[in-house]
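This briefing walks through the contacts with nucleic acid, one helix and its ends, a contact between chains, and the aromatic pairs. The sequence and the structure come first, and the notes follow by topic.

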2 protein chains.
Amino acid sequence: MLSQHVDTVNMPISTPDTKQVLLRAAVEIAETDGVGAIGLREAARRAGVTHGAPYRHFENQQALVAAVAEQGFRELMAEVQSAQAVAGNDVLARFHALGVAYLRFALGHPGQFRVMFGAEAAAEPAVRSAEAAVFALAVNEIAGAQRQGLIAAGDPQELALLAWSTSHGLAVLMIDGLVQWVGLDTTAPERLAKRITALMFNGLQRGVPAVRSRRPS
Amino acid sequence: MLSQHVDTVNMPISTPDTKQVLLRAAVEIAETDGVGAIGLREAARRAGVTHGAPYRHFENQQALVAAVAEQGFRELMAEVQSAQAVAGNDVLARFHALGVAYLRFALGHPGQFRVMFGAEAAAEPAVRSAEAAVFALAVNEIAGAQRQGLIAAGDPQELALLAWSTSHGLAVLMIDGLVQWVGLDTTAPERLAKRITALMFNGLQRGVPAVRSRRPS
DNA sequence: CCTACCGATCGGTAGG
DNA sequence: CCTACCGATCGGTAGG
């Protein structure tokens, strides 16, 4: 009579390492073929396991995509924070460090960056809160500068939104390859990020503030 | 003996209208299910034709996606330009009109907006040149304001990149749903766009320009 | 523009 | 973690 019980002893055990290998594979897919190509089977293929294995680590495809985004936010936050630590206490230097680190990450991991802010992962709560953390960091930065009296008063959330929008927009447009169509220097993204940050810092106006629209003469 | 020649007379003729219906269907897919779901078969299904029909109008899937992006750029340019026409000659009013129209389009067609600036369509030359046209419009706007002496001197391309980055970043972050995590007023995107534009216009600095970083005391 | 067909990929599950 | 299997979808082509 054959044994009726499942031979759990000879069943391969899910190694914690496999999850990391699968995640790295998924990130690689994002970079090479885009979000649309991220799948449990393709990740398994690149990770060198069979296509049933990923389900031991990720509930479904959406969870894998979300994991790619979350991993990206972790790395982004780490890089941004360490850049700020290096920058010290000078306000403009800190803004420059923020902008440069943000752009550098985006250009270094364009596929993953797109996943982080793409529609596929937007619904994931963990991704939303990671996004909120980035915003919170910007708000803190603004509030600190205000306490030192170094930038204008005003709703720190609004000012932080301006700063983030500028950095994020620049990153997205550069990933998109805009630079190839423009006379600006592509080879020095850091320099461009600093220029844009400085312009944002100074504003576009000339002389007195031009907030109120004047009537046509 | 059966006729050997193809009965071209009884073969349905490709109607020019079908292409438009397919394109509209594809745009709808982008809005409801995202870029990844745009396919010739699904478009055919929604358009009410058989799955072989789309090949009469679009060479392949990529061409359909590109068409969605191109159509989006046409509409965006039209809306932005008409908003500027209404705004008249006041510089700040024109900037506000630009920012508001841009954000309004993005929030009104988030799926299509994502296709316009997504990786899938980025390689398409027609999309790249449409993108360049948006940038050119911004450069023109900046250069005109400079000629009137109403904004700071400087490379108009750099200043235009700042303006576009700000508007684009705001649009992307809002599409992403950032607003739900922030205390800012979601219900009035136009107001928010104007605030951000005004802040960009004035800059963040307080008192004298703080371009040069000072050494820590 | 339609019908019919191909090869390939995918998500997911059962069972060991 | 593996093997085997399911149903579904897709891009694309042949032929009328």
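In this predicted model, a backbone N or O atom of B:L40 lies 3.4 Å from a phosphate oxygen of DNA strand D. The surface near that strand takes its largest share, 4 residues, from helix α2 (residues 40-47) of chain B. The points below begin with this strand and then turn to DNA strand C and to the protein itself.

**DNA strand D**

- DNA strand D is surrounded by 22 residues, of which A:T18, A:T50, A:H57, B:R41 and B:R45 are the closest, and by class the surface near the strand holds 7 nonpolar, 10 polar and 5 charged residues.
- Among the atoms of DNA strand D that lie within 4 Å of the protein, 50% belong to sugar or phosphate, while the rest belong to bases.
- Base nitrogens of DNA strand D are approached by side chains from both chains: a polar side-chain atom of A:R56 lies 3.4 Å from a base nitrogen, and an N or O atom in the side chain of B:Y55 is 3.5 Å from a base nitrogen.

**DNA strand C**

- Around DNA strand C there are 22 residues, with A:R41, A:R45, B:T18, B:T50 and B:H57 coming nearest, and helix α2 (residues 40-47) of chain A gives the most to the surface near this strand, with 4 residues.
- That surface near DNA strand C comprises 7 nonpolar, 10 polar and 5 charged residues, and of the strand's atoms within 4 Å of the protein, 49% belong to sugar or phosphate and the rest to bases.
- On the phosphate side, an N or O atom in the side chain of B:T50 is 2.6 Å from a phosphate oxygen of DNA strand C, whereas A:Q61 places a polar backbone atom 3.3 Å from a phosphate oxygen of the strand.
- On the base side, the side chain of B:R56 has an N or O atom 3.4 Å from a base nitrogen of DNA strand C.

**Helix α3 of chain A**

- Helix α3 of chain A (residues 61-87) has 27 residues and spans 39 Å from its first C-alpha to its last, close to the 39 Å expected at 1.5 Å a residue.
- The N-terminal end of α3(A) is capped by A:N60, a side-chain oxygen of which lies 3.3 Å from the backbone nitrogen of A:Q62, and after the helix comes A:G88, whose phi is positive, near 85°.
- Buried residues of α3(A) include A:L64, A:V68, A:F73, A:L76 and A:V80, as well as the polar A:Q84.

**A buried glutamate**

- A:E158, in helix α8 (residues 156-175) of chain A, has a relative accessible area of 8% and is therefore buried, and its side chain makes a polar contact with the side chain of B:R195 at 2.8 Å.

**Aromatic pairs and charges over rings**

- Over all chains, the structure contains 10 aromatic pairs; in one of them, B:F73 and B:F117 have ring centres 5.3 Å apart and planes at 65°, so the pair is edge-to-face.
- Because B:F73 lies in helix α3 (residues 61-87) of chain B and B:F117 in the loop between α5 and α6 of that chain, the pair ties together parts 44 residues apart in sequence.
- The rings of B:Y102 and B:F113 are also edge-to-face, since their centres are 5.8 Å apart and their planes stand at 90°, and both residues are buried.
- In chain A, ring pairs link A:F73, A:Y102, A:F113 and A:F117 into a cluster.
- A:K19 lies over the face of A:F58, 5.4 Å from the ring centre, and B:K19 lies over the face of B:F58, at 5.4 Å from the ring centre.

Conventions: Residues numbered from 1 in each chain as written. Chains lettered and ligands numbered in written order. Predicted model: local features only at pLDDT ≥ 70, side-chain atom pairs only at ≥ 80, totals over all residues. Heavy atoms only, no water. Near = heavy atom within 4 Å. Polar contact = N/O pair within 3.5 Å; in protein donor to acceptor, adjacent residues only side chain to side chain. Helix = DSSP H or I, 4+ residues; strand = E, 2+ residues; numbered from the N terminus. Expected span 1.5 Å × (residues − 1). Buried < 20%, exposed > 50% of the residue type's maximum accessible area, 1.4 Å probe, protein only. Phe/Tyr/Trp six-rings, centres within 6.5 Å; stacked < 30°, edge-to-face > 60°. Lys NZ or Arg CZ within 6 Å of the ring centre and 35° of its normal.
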